[in-house]
Structure formats: C-alpha cells, structure tokens
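Work through the exercises below with the model open. Try each task before reading its solution.

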Amino acid sequence: MPSALPQRPHIGVPPIKCQGIKTKLVPFILSQIVWQQTSDATWIEPFLGSGVVAFNRMPHRAVLADANPHIIGFYQAIQQGKIDRAEVQKFLAEEGETLRQQGAEYYYTLRDRFNQTASPLDFLFLNRACFNGLMRFNSKGKFNVPFCHKPQRFSQSYITKISNQVGWVAQRMTGKDWKFRVADWQETLQQAKPNDYVYLDPPYIGRHADYHNRWNLEDAEKLAAIAQQLPCGFAVSMWLENRHRQNEHIQQCWSNLDIHPHQHFYHVGSHEKLRSAMTEALIIKPGYSHALE
Ligand SMILES: C[S@@+](CC[C@H](N)C(=O)[O-])C[C@H]1O[C@@H](n2cnc3c(N)ncnc32)[C@H](O)[C@@H]1O
C-alpha cells in the first residue's frame with residue numbers, strides 16, 4: 001500500500017531560513033507524493049535548504065545534501081550533539097544582548113568572526129539577525145548580508161522560539177539514519193536506487209546568484225535531463241506561473257510528467273496588504289503521486 005500522509009498535519013518549522021523556503025507549501029508537497037517507504041529505501045534531497053520538507057516528511061533513512069557547507073555543518077552539529085536547545089538559548093541571549101547594546105557594529109564584528117571560523121552558532125545568529133531568510137555569500141564565499149537595523153531583534157520570545165526550533169529538529173533526527181552531506185546535486189543523485197524517492201527543489205533560474213547558490217538555464221536543463229533518467233520516484237518544486245508570465249522551462253523540459261499546480265499568496269516587501277498570487281508546480285514522475293484532479 002502506498003503511504004499517504006494524514007490530512008493537514010502540523011507543520012514544524014526549522015531554525016534556519018533561506019530563499020525559496022517551502023514551509024507554507026509542505027502540506028501540499030507531502031500530500032501529493034506517493035512513496036512506499038521500504039526498509040532499504042532512502043529519501044534523497046540534493047537541495048536541502050532549511051530542511052523543512054525532510055524534517056516534516058520524517059523518513060527512516062535519508063541523504064540530505066546541499067552545496068552550502070554552512071547549512072549542512074549546522075545540521076551536522078545538531079546531529080552530533082555539539083549544539084542543543086539549551087546552548088542555543090544561552091548563546092542567543094548573550095549575543096543578542098551585546099547586539100542590543102552595541103547595534104550594527106556588533107553585527108559586523110560577529111559577521112567577520114563567522115567568516116573566519118564558520119561557527120554554526122554564529123551562522124544561526126546571522127541567519128536570524130539579518131533580514132529573515134536572506135542568505136548570501138560574496139564571490140570569495142564570505143557571508144555578506146547587511147544588518148537589518150533591528151538591534152532589539154533577539155527578544156526573549158524570539159530566542160525561545162529559535163531554541164525550540166533547534167530542539168524540534170534535534171528530536172526529529174533522533175534514531176533516524178540521516179546523512180547530511182555537502183555535495184553538488186549531480187553527485188547526490190548518483191546514489192539513487194529504485195526504491196528511493198528524490199525531492200528536488202533547485203534555486204530559481206537566474207535569481208539569488210551567489211557563491212553557494214548559482215543556477216542558470218543550463219543547470220536547469222541538465223537537472224531535467226538527469227532527473228528523468230532516475231531509477232526511482234521523484235518530485236520537483238518549481239514556480240509555474242504568476243500574474244505576468246508562465247515558466248517556459250516547465251513546458252520545454254518537464255511537460256511529459258505529471259504537473260500538480262498549487263496557488264499560493266506571498267507578501268510583497270514588508271507591507272501586509274500587498275499580496276501577490278503565484279502558482280507553484282510540483283512535477284512528479286508518473287506513478288509516484290496521487291491522481292491529478
Ligand atoms: C530553493 S532552495 C531549497 C529550499 C528548501 N527546499 C527549503 O524548503 O528550505 C535551493 C537550495 O539549493 C542549494 N544549491 C544551490 N546550488 C546547488 C548545487 N549546485 N548543488 C546542490 N545544492 C545547491 C542552495 O544552497 C539552496 O539551499
């Protein structure tokens with residue numbers, strides 16, 4: 001019997017934010033995917049990002065990979081018990097207080113420290129101190145997002161929320177055979193075997209180009225060609241259309257697969273009232289999804 005997920009499950013939120021994070025789309029994504037998870041089967045995510053899809057899917061066995069070593073290093077540190085909820089709480093309370101007292105200057109001191117040491121705790125701090133979800137590295141691989149001008153950001157409730165998210169992720173990993181890997185997507189896909197399932201969430205073509213996150217039409221076409229040769233089931237997240245245009249790449253490279261559309265709204269800038277509609281697609285290998293409506 002294919003394993004379907006329960007209706008409208010509670011969606012957990014991971015501590016790391018990134019461009020293209022799928023938190024709001026997780027119920028849709030997981031409800032479309034059909035995968036019979038045998039004991040030797042592996043969930044494979046070559047573009048892990050925040051990890052929100054895998055952490056909510058909760059496979060027994062997984063290969064969770066990303067080209068960004070800081071994302072993977074952060075989750076490895078949690079998995080190895082080097083970072084836990086209590087330590088994060090203490091760290092954010094101390095660093096948040098110094099930020100409150102010293103403002104932007106301290107943000108840049110901490111950013112320099114991170115760019116020298118690559119500490120996972122500093123990474124978390126910067127990820128949550130800068131504008132939420134912005135993760136960008138310069139041509140030398142150095143984190144270069146400017147300060148968000150909110151020195152009061154680390155309130156008690158914000159710190160508790162982030163610490164709880166770390167605790168949640170740690171608890172999700174416990175007892176699971178999950179391998180976190182720094183790898184290019186092509187290397188990760190080479191491991192796929194017939195019973196596995198691959199979830200692909202590549203960056204948007206031509207957007208967010210930085211040291212760890214570059215993606216152009218050539219990459220996208222190569223991914224389409226290689227994915228369609230996979231020996232197992234797979235699903236790909238991609239934008240399908242917005243008010244202005246359609247994603248022609250889908251027509252060109254993925255049109256012979258099952259395309260599951262889902263409309264959602266996102267806020268434009270910081271203005272709550274400006275909402276824009278976007279239709280996302282989950283492109284699924286035939287035979288690995290629930291019937292299209
Ligand atoms: C759209 S995000 C994934 C978002 C994720 N599904 C989530 O919900 O948080 C794309 C990810 O691909 C990673 N990435 C970019 N180029 C890559 C490559 N060549 N190989 C592997 N990962 C790559 C980026 O670092 C980024 O984390």
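Three exercises follow, on a predicted model.

**Exercise 1. Domain layout**

Task: State which residues form domain 1 and domain 2, and how far apart their C-alpha centres lie.

Solution:
- Start with the bounds. The domain assignment gives domain 1 as 23-67 + 183-284. Domain 2 is 85-169.
- Next, take the C-alpha centres. Those of domain 1 and domain 2 are 28 Å apart.

**Exercise 2. The interface of domain 1 and domain 2**

Task: Describe the interface by its contacts, its buried area and its polar links.

Solution:
- Count contacts, with heavy atoms within 4.5 Å as the cut-off. Domain 1 brings 5 residues and domain 2 brings 9.
- Turn to area. About 550 Å² is buried between the two domains. Carbon and sulfur atoms give 69% of this.
- Find the main contributors on domain 1. Phe55, Asp210 and Tyr211 supply 74% of the area that domain 1 buries against domain 2. No other three residues supply more.
- Look for polar links. The rule finds 0 salt bridges across the interface. It finds 1 residue pair in polar contact, both at pLDDT 80 or more.
- Class the residues on the side of domain 1 that touches domain 2. They are 2 nonpolar, 2 polar and 1 charged.

**Exercise 3. The ligand and its shell**

Task: Which residues come nearest to the ligand, which polar contacts can be listed, and what percentage of the ligand's area does the protein bury?

Solution:
- Begin with the shell. It holds 23 residues. Lys22, Ser50, Asp66, Asp184 and Asp201 come nearest.
- Sort the shell by class. There are 12 nonpolar, 7 polar and 4 charged residues.
- Check side-chain N or O atoms. One in serine 50 is 2.6 Å from a ligand oxygen. For aspartate 66, a ligand oxygen is also at 2.6 Å from such an atom.
- Check the backbone. An N or O atom of alanine 67 lies 3.2 Å from a ligand nitrogen.
- Finish with area. The ligand taken alone exposes 600 Å², and the protein buries 95% of that.

Definitions and conventions. Residues numbered from 1 in each chain as written. Predicted model: local features only at pLDDT ≥ 70, side-chain atom pairs only at ≥ 80, totals over all residues. Heavy atoms only, no water. Domains from an automatic or database assignment. Buried area = accessible area lost by both parts, 1.4 Å probe. Salt bridge = Lys/Arg side-chain N within 4 Å of Asp/Glu carboxyl O. Polar contact = N/O pair within 3.5 Å; in protein donor to acceptor, adjacent residues only side chain to side chain. Nonpolar A, V, L, I, M, F, W, Y, C, P; charged D, E, K, R; others polar. Near = heavy atom within 4 Å. Areas by Shrake-Rupley, 256 points an atom, 1.4 Å probe, with all protein chains shown as cover.
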